[in-house]
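Reader: Hi! I'm new to this one, so could you walk me through it?
Author: Happy to, let's put it on screen.

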Amino acid sequence: MPVGEIPDLTHSSGVVGYLSVPGGTYVHLGDDQASVSLLPVNHPADPLPYVSAATAYITHFKRQGRGIRFDARGYYQPYVLLSHADHACGFKVDGREVQSTEDGKGRLKVSFPPSVGEQGPVHDIEVHCHD
């Protein structure tokens, strides 16, 4: 995506998140289909939480108000970094409450157990943020 534009999460579908870097913006897509609406980077930020980076495969991404839910599988110290999430948000991995940590850049990190081999577990990740 060109420099100066970010996804409009409210009007996009199938967009898990994004990460802006000096050369442009990486858009993280989930599942098979997506449509992306764009906003100028200086547009007021969308308050919806999103995945800005991950060391995992993400599938079955669903947005529910200010919350998100998805499946994730990773092989070595898997985690997801969430932007526009704060410590008032609750996090569950496989139905169990977990604590997030701050990454030093305003993002919250949620870690989960690694998968071993192709048949390893897929983890259900839930993020519930209050309005």
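Author: One term before we begin: buried means under 20% relative accessible area, exposed means over 50%, and partly exposed is in between, with a 1.4 Å probe and protein chains only. This is a predicted model, where local features need pLDDT of at least 70, side-chain atom pairs count only at pLDDT 80 or more, and totals for chains, interfaces and linings use all residues. Residues are numbered from 1 along each chain as its sequence is written, and side-chain values use heavy atoms, with hydrogens and water left out.

Reader: Thanks! Are F61 and F70 buried or exposed?
Author: F61 is buried, and F70 is buried too. Their ring centres are 6.1 Å apart and the planes are at 25°, so this pair counts as stacked. Rings of Phe, Tyr and Trp (its six-membered ring) pair if their centres lie within 6.5 Å; planes under 30 degrees apart are stacked, over 60 edge-to-face, and the rest tilted.

Reader: How many aromatic pairs are there in the whole structure?
Author: A search finds 3. One of them is Y18 with Y50, stacked at 4.3 Å centre to centre with 10° between the planes. Y18 lies in strand 2 (residues 15-21) and Y50 in strand 5, so the pair ties together parts that are 32 residues apart in sequence. Strands here are DSSP runs (E, at least two residues), numbered from the N terminus. Both Y18 and Y50 are buried.

Reader: Nice. How many residues of strand 5 are buried?
Author: Strand 5 (residues 50-54) has 4 of its 5 residues buried, so it is mostly covered. One residue found in strand 5 is S52, which is buried with a relative accessible area of 2%.

Reader: And which way do strand 5 and strand 8 run?
Author: Strand 5 and strand 8 (residues 79-83) run antiparallel, joined by 4 bridges. Two strands pair if DSSP finds at least two bridges between them. V51, for instance, has L82 in strand 8 as its bridge partner.

Reader: New topic: what lies over the face of Y79?
Author: K109 does, at 4.5 Å from the ring centre. A charge sits over a ring if NZ of Lys or CZ of Arg is within 6 Å of the ring centre and within 35 degrees of the ring normal.

Reader: Last one: where is L29, and is L29 buried or exposed?
Author: L29 is in strand 3 (residues 24-29), and L29 is exposed, with a relative accessible area of 51%.
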